[in-house]
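Biologist: I should like to take a close look at a single part of this structure. Would you please describe how its strands, rings and nonpolar residues are arranged there?

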Amino acid sequence: SEAFVVDGIAPTISSVTSTTDDGTFKIGDEINVTVNFSEAVTLSDGNLVVTLETGDTDQTVTISSISSATSASGTYTVQSGDASSDLTVSTIALSAGTLSDAASNNMSSFSIPSGSNLADSEAFVVDGVVPTVSSVSSSNDDGSYKIGNVITVTVTFSEAVTVTGTPQLTLETGDTDAVVDYSSGSGSVTLTFSYTVASGHISSDLDYTSTSALALNSGTIKDAAGNDATLTLSEPGGGTSLGSNKDIVVDGVVPTLSSLSPAD
């Protein structure tokens, strides 16, 4: 007697899952992507390429080794600019070679069954977009300010940011620049810095000192995903700078008697 095993059924993809816990992921974070098959398969002379929907530029996970296995995994690392409210796979394909079962039936269809994609079983929010400074302005009216007056400088970001510590903004105020501490706004798009005009400060159009005038001062400014904000500002006097947005004159120079006439 003979024992023949007949296998005329080609393997298929059964689902895409992950061993990574649900959550929000920032630039540099890693997410496991696992492709599950209907039966054990072997990859020969090629790569299995999984394409993820990550916004303007889709990212890929390349799996180069599968040996008689019912699943295969790769790692996706979040890149700058990646964005997804619920990460999912757009396509799976072979770059070359074959993916076949023990009977040498080659997989011909790489479609993912409805309801079995990554987003159906996992909840991954991808945020690879770094917050940037949109503008620097002030809630004070245009005008002249003297010693003791308080000027609230506002730094607006492209998205809500969370602050730890006491970041600082350096203002151009004549011979001695004013280093102004962060005062409020964590959790919103706008941070405020409270500046009190001091003796000797002077400016015909208040602005910060340079494009790098906003400093962390050992603190942090991050978005909800944990991406560090880019702190680069517009050139002073131009773009979206304080000097461009507002006309604030600072006069902290006290008048003094220089001469008396007649002398007697």
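**Strand E16 and its surroundings**

Modeller: In this predicted model, Val-155 stands opposite Leu-191, a residue of strand E16. The strand that pairs with E16 here is E13, which covers residues 150–164. E13 and E16 run in the antiparallel sense, and eight bridges connect them.

E16 also pairs with E15, again antiparallel, through two bridges. These two strands, E15 and E16, make a hairpin with three residues between them. In the turn lies Gly-185, whose phi is positive, at about 115°. Across this pairing, Tyr-182 stands opposite Phe-193 in E16.

The rings deserve attention next. The structure holds two aromatic pairs. In one of them, the rings of Phe-25 and Phe-124 have centres 5.5 Å apart; their planes meet at 85°, which is over 60 degrees, so the pair is edge-to-face. Phe-25 belongs to strand E2 (residues 23–25) and Phe-124 to strand E10 (residues 124–127), so this pair links distant parts of the chain, 99 residues apart. Both Phe-25 and Phe-124 are buried.

Tyr-182 and Phe-193 also form an edge-to-face aromatic pair, with 6.1 Å from centre to centre and 75° between the planes. Because Tyr-182 lies in strand E15 (residues 178–184) and Phe-193 in strand E16 (residues 188–196), the pair ties together parts that are eleven residues apart in sequence. Tyr-182 has a relative accessible area of 16%, and it is buried because this value is under 20%. Phe-193 is likewise buried, with a relative accessible area of 1%.

Phe-193 brings us to the nonpolar core. The largest such core has 29 residues, and Phe-193 is among those that touch the most other members, together with Ile-151, Phe-157, Leu-169, Leu-171, Tyr-195 and Leu-214. At least two residues of this core come from each of E11 (133–138), E13, E14 (168–172), E15, E16 and E21 (248–251). The strand that gives the most is E13, with six residues.

Leu-169 shows how such a residue is surrounded. Neighbours within four places in sequence aside, the contacts of Leu-169 include Phe-193, Val-153, Val-155, Val-179, Val-180 and Leu-214. Val-155, which stands opposite Leu-191, is thus met again among the contacts of Leu-169.

A second core, separate from this one, has 27 residues, including Phe-37, Leu-43, Ile-92 and Phe-110.

Technical notes
Residues are numbered from 1 along each chain as its sequence is written. This is a predicted model: local features need pLDDT of at least 70, side-chain atom pairs count only at pLDDT 80 or more; totals for chains, interfaces and linings use all residues. Side-chain values use heavy atoms; hydrogens and water are left out. Rings of Phe, Tyr and Trp (its six-membered ring) pair if their centres lie within 6.5 Å; planes under 30 degrees apart count as stacked, over 60 as edge-to-face and the rest as tilted. Helices (H or I, at least four residues) and strands (E, at least two) are DSSP runs, numbered from the N terminus. Buried means under 20% relative accessible area, exposed over 50%, partly exposed in between (1.4 Å probe, protein chains only). Two strands pair if DSSP finds at least two bridges between them. A nonpolar core is a set of buried Ala, Val, Leu, Ile, Met, Phe, Trp, Tyr and Cys residues joined through side-chain atoms within 4.5 Å. Contact means heavy atoms within 4.5 Å.
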